[in-house]
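Colleague: Could you walk me through this one and tell me what stands behind the labels?

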Amino acid sequence: MRKKLIAGNWKMNGSLADNELLCKAILAGLAGDDGSQTTAVAVCTPSAYLSQLKNLLTGSKISLGSQDISSHDKGAFTGEISAAMLKEFGVRYAIVGHSERRQYHGETDTLVALKAKAALAAGITPIVCVGESLAEREAGKTEEVVKRQLAAVIHENGHCISEIVLAYEPVWAIGTGKTATPEMAQAVHSVLRAQLHAASPVAAERVQILYGGSMNAANAVSLLACSDIDGGLIGGAALKAADFLSIVAAAK
Ligand code: PEP
């Protein structure tokens, strides 16, 4: 059975003081909890705070994640952060291809696949985001879009594909309060699972497919009960310790 993963995506939020409060409240909520056997927990923070979070999380059950990673090893790439640099801060996961990166930074399927490759080469697990826009869903193109996005990652990463985490994040559900119903989400997750299976039966068994898009304390139980939903990538609700902890509890 696949372990569940609940990963918070803090986006461009936080401050030294707020992060400490949030992190300590989450750690306190998880203290004495032996659920780490079945559910892994991660927080993906702004890069500026990785050092702070490394200190706060070392020795805890919460893994550290970044929200992006460079596809390059080093050199003249102003503003980018390499996999090797992230490793120095104990980063275990890197989100790649978040729809906000695709939309506001023009990231293509190929670049996302190369970022996943750079992460894997450094022993960082990429959380590869795929998802359709509202217009694409309404045009009946959901499957086509997510399969195209995943195909690029499979093509570039070959047998390493079993080492990724996948996140289905319908763009129309991110930060909008609109959520895919469990049936809608499960339908897409099973398409992604089948695509992984065609590439590698091992990958289909191993890869955790997270749902992201306004997951909250109220809808988490029904979404996480679906057979192909192996966890959540959580934006807004990850910024409130009580909400985040309720989602972690729902994953058990
Ligand atoms: C996200 O940004 O990955 C996300 C899922 O955000 P939200 O939970 O706020 O919709």
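Modeller: Sure, and keep in mind that this is a predicted model. Let's start with the ligand: 14 residues surround it, and K11, E169, G175, S214 and G235 come nearest.

Colleague: What makes a residue count as near the ligand?

Modeller: One of its heavy atoms has to lie within 4 Å of the ligand. The shell around the ligand has four nonpolar, eight polar and two charged residues.

Colleague: How do you know that H98 makes a polar contact with the ligand?

Modeller: A polar side-chain atom of H98 sits 2.8 Å from an oxygen atom of the ligand. The cut-off for a pair of N or O atoms is 3.5 Å, so that 2.8 Å passes.

Colleague: And what do S214 and G235 offer the ligand?

Modeller: Backbone atoms. For S214, a polar backbone atom is 2.7 Å from a ligand oxygen; for G235, a backbone N or O atom lies 2.8 Å from an oxygen atom of the ligand. As for cover, the ligand taken alone exposes 290 Å², and the protein buries 95% of that.

Colleague: On to the salt bridges. Why is the pair R148 and D109 called one?

Modeller: The label needs a side-chain nitrogen of Lys or Arg within 4 Å of a carboxyl oxygen of Asp or Glu. R148 and D109 meet at 2.7 Å, N to O, so the pair qualifies. This pair also links distant parts of the chain: R148 belongs to helix α7 (residues 142-157) and D109 to helix α5 (residues 109-121), 39 residues apart.

Colleague: Why is D109 called buried, and why is R148 called partly exposed?

Modeller: Buried means under 20% relative accessible area, and D109 has 16%, so D109 is buried. R148 comes out at 44%, between the 20% and 50% limits, so R148 is partly exposed.

Colleague: Which other residue forms a salt bridge with D109?

Modeller: R102, with the closest N and O atoms 2.9 Å apart. Both R102 and D109 are buried.

Colleague: What makes K115 and E107 a salt bridge?

Modeller: Their closest N and O atoms are 2.7 Å apart, which is within 4 Å, so the label fits. K115 and E107 are both buried as well.

Colleague: How many salt bridges does the structure hold, and which residues are linked in a network?

Modeller: There are 14 salt bridges. The network links R2, R193, D228 and D230.

Definitions and conventions: Residues are numbered from 1 along each chain as its sequence is written. This is a predicted model: local features need pLDDT of at least 70, side-chain atom pairs count only at pLDDT 80 or more; totals for chains, interfaces and linings use all residues. Side-chain values use heavy atoms; hydrogens and water are left out. Buried means under 20% relative accessible area, exposed over 50%, partly exposed in between (1.4 Å probe, protein chains only). Helices (H or I, at least four residues) and strands (E, at least two) are DSSP runs, numbered from the N terminus. A polar contact is a pair of N or O atoms within 3.5 Å; within protein, one must be able to donate a hydrogen and the other to accept it, and residues adjacent in sequence count only if both atoms are side-chain atoms. Accessible areas come from the Shrake-Rupley method with a 1.4 Å probe; for residues, only the protein chains shown count as cover. Ala, Val, Leu, Ile, Met, Phe, Trp, Tyr, Cys and Pro count as nonpolar, Asp, Glu, Lys and Arg as charged, and the others, Gly among them, as polar.
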